[in-house]
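Okay, thanks for squeezing me in. I'll put the structure up and then walk through the parts I looked at.

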Amino acid sequence: MEDVLATAEGEVLVKLVKSAQKLGLKGKYGSWKEFLDFYDKQLGSSSLSDPSKRRKDDLVAFLTTLKKKEDLQLLARALKLDNDVFEKFRKKSPDETTEQRLVRMTLTHDEYPLDYLFPSNAQDWVITGLGKKKMEPTKIEMIAIDCEMVLCEDGSEAVVRVAAVDRDLKVILDEFVKPNQPVVDYRTFITGLTAKDLEKATLSVVDIQEKLLMFLSEDTILVGQSLNHDLKVLKMDHARVIDTSLVFKYNYDGTRKPLRLKRPSLNYLCKCILGYEVQKEGVPHNCVHDAEAAMKLVLAILDNGVETSVPLSKEMLEAEKSKLYLHRIPCNVPYEELNGVVSRDVPHEVKPSKKQDRHYYSAVVVFRSPEEANQAFENIAGDLGKDSTGLSQKQVFLEPSSSRPRYVLIRKMVEDDLVGESSAEEKNASSKKRKREKDSKETRERRRCKPLRRKKQRSYVKRR
């Protein structure tokens, strides 16, 4: 968000601050006027509180104090809707095609504004689809892309391989990219790449942008799983996107307990819909295969009418209970060091996420059973609390390597009483059914007769 605000136009920032005032949003130092009291002690809030008369730095300083996810989503939505191109694709048209419907499903998803909020006005960013002539309405192209990323010395991610396939699953781009920063982690277990693989890479991100721009117009649809991460490292902003992680969703079947399975993974979608695993256990990812899989998922909807709701099985819930989730892990903490943080006694495996930001990353800790995961969580020495959705969570401080304390947050993936809830409800319903069947005919008859006797009595009193 900070990068986006820093590159935003002054008029846009004024609108955002006024919106924050209207909605009563408060940051670390309170509302806009309360912030000015703290931020500008000489002038105070009464002398110059009009956002349009403040410097751009003042507006950015206030907006960056807003940290609540709900507030950030409101700001992100306001920034996105300020762009007429994005707003046009969000609206439903009478002659909407299935492709357009999937684009609209992506753009109207609650998570979209934050996920796709990019510093598009920055010098090294490209807003796509503005240079090519529009295609005929009946010929809408789709291109699926996927990237492999490495972790750089400054904590940022760099793209090292890019793949793109067209609607016919033809590979139109598969290139290695030379990182512009020293690499500290090639994530070989995910990317399958080493330093040697990139020795001959000569293309830069700018080169890749130019290659992709050859295929893109305003009407081209970009497809991908969590596509925002790929666009971020490519530094490209494209209006028409279909993100399979936002289009497909789990069917919870009335589950009410806290559960953080917000988005189905690419591998799970492939298993449910396409009938195969695109990412096998212990095998590095292949961005060509991942791009193809994302396109196949979209084609399954377009050509075969596949539903966008996928089942959430009891086996999957059991698997989730066998995991713990680590987040807000400082990027300078190698994932190998996390083994002792979770447990030294219970066997487990730490799997860091493929996606990271500049400062933090996350990881999943996998145990052999839900019982062992629960035991490990109970043994963790940390402050017990709840995350924003009500899941149990502990804060654990790491060994101090500097004067600034570092910590990670460890939470459960599923609450203990979630798995089996549906089966418990089924048992309860079955028990009630059996009880009803055991009721004797005489008892049911007596229940039916009670109202009749009351009517007789009332009738008798009336006659007298």
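**One helix, one sheet, and some loose ends**

Let me start on helix 18: on the face turned away from its buried side, this helix carries the exposed residues E371, E378 and N379. Keep in mind as we go that this is a predicted model.

So which residues of helix 18 are buried? They are P370, E372, A373, A376 and F377. If you look down the axis of helix 18, those buried residues fall within an arc of 165°, so they line one face of the helix. The general background is that an α-helix has 3.6 residues a turn, so residues three or four places apart point the same way.

Next, the sheet. It's an open one with six strands, in the order 12-13-11-16-15-14, and the pairing is antiparallel. On the edges you have strand 12, residues 348-352, and strand 14, residues 383-386, each of which pairs on one side only. Going from one strand to the next, the twist averages 25°. And here's where our helix comes back: helix 18, residues 370-379, packs on this sheet, touching strand 11 (323-330), strand 13 (360-367), strand 14, strand 15 and strand 16 (407-412). The direction of helix 18 makes about 140° with that of strand 16.

Now the pairings, if you want to click along. Strand 12 and strand 13 run antiparallel and are joined by five bridges; P352 has A363 in strand 13 as its bridge partner. Strand 11 and strand 13 are also antiparallel, with six bridges joining them, and there L324 stands opposite V365 of strand 13. Over at strand 14, the antiparallel pairing with strand 15 (residues 392-397) covers four bridges, and K386 has S392 of strand 15 as its bridge partner.

Okay, backbone oddities. Most residues other than glycine have a negative phi. Two residues to flag here are L169 and K235. L169 isn't a glycine, yet its phi is positive, about 65°. Where is L169 found? In the loop between strand 3 (157-166) and strand 4 (171-176). L169 is partly exposed, at a relative accessible area of 28%. K235, also not a glycine, has a positive phi of about 55°, and K235 lies in the loop between helix 12 (227-234) and strand 7 (236-237). Its relative accessible area is 26%, so K235 counts as partly exposed too.

Zooming out to the whole chain: there are 20 helices and 16 strands. Of its 464 residues, 44% count as buried. The chain exposes about 25900 Å², and carbon and sulfur atoms supply 49% of that. On contacts, take those between residues at least 6 apart in sequence: 66% of them join residues at least 24 apart.

Last thing, confidence. The chain averages a pLDDT of 79, and 78% of the residues score at least 70. Over residues 418-438, though, the pLDDT is below 50, and that stretch has 16 contacts in the model beyond near neighbours in sequence. For residues 449-464 the pLDDT also stays under 50, and there the model has zero contacts beyond four places in sequence. Where pLDDT is low, the predicted coordinates should not be read in detail.

That's what I have, so over to you.

Terms used:
Residues numbered from 1 in each chain as written. Predicted model: local features only at pLDDT ≥ 70, side-chain atom pairs only at ≥ 80, totals over all residues. Heavy atoms only, no water. pLDDT = per-residue confidence, 0-100. Contact = heavy atoms within 4.5 Å. Pairing = 2+ DSSP bridges. Helix = DSSP H or I, 4+ residues; strand = E, 2+ residues; numbered from the N terminus. Axes fitted to C-alpha atoms, helices over the stretch in contact; angles between N-to-C directions. Buried < 20%, exposed > 50% of the residue type's maximum accessible area, 1.4 Å probe, protein only. Areas by Shrake-Rupley, 256 points an atom, 1.4 Å probe, with all protein chains shown as cover. Arc of directions from axis to C-beta.
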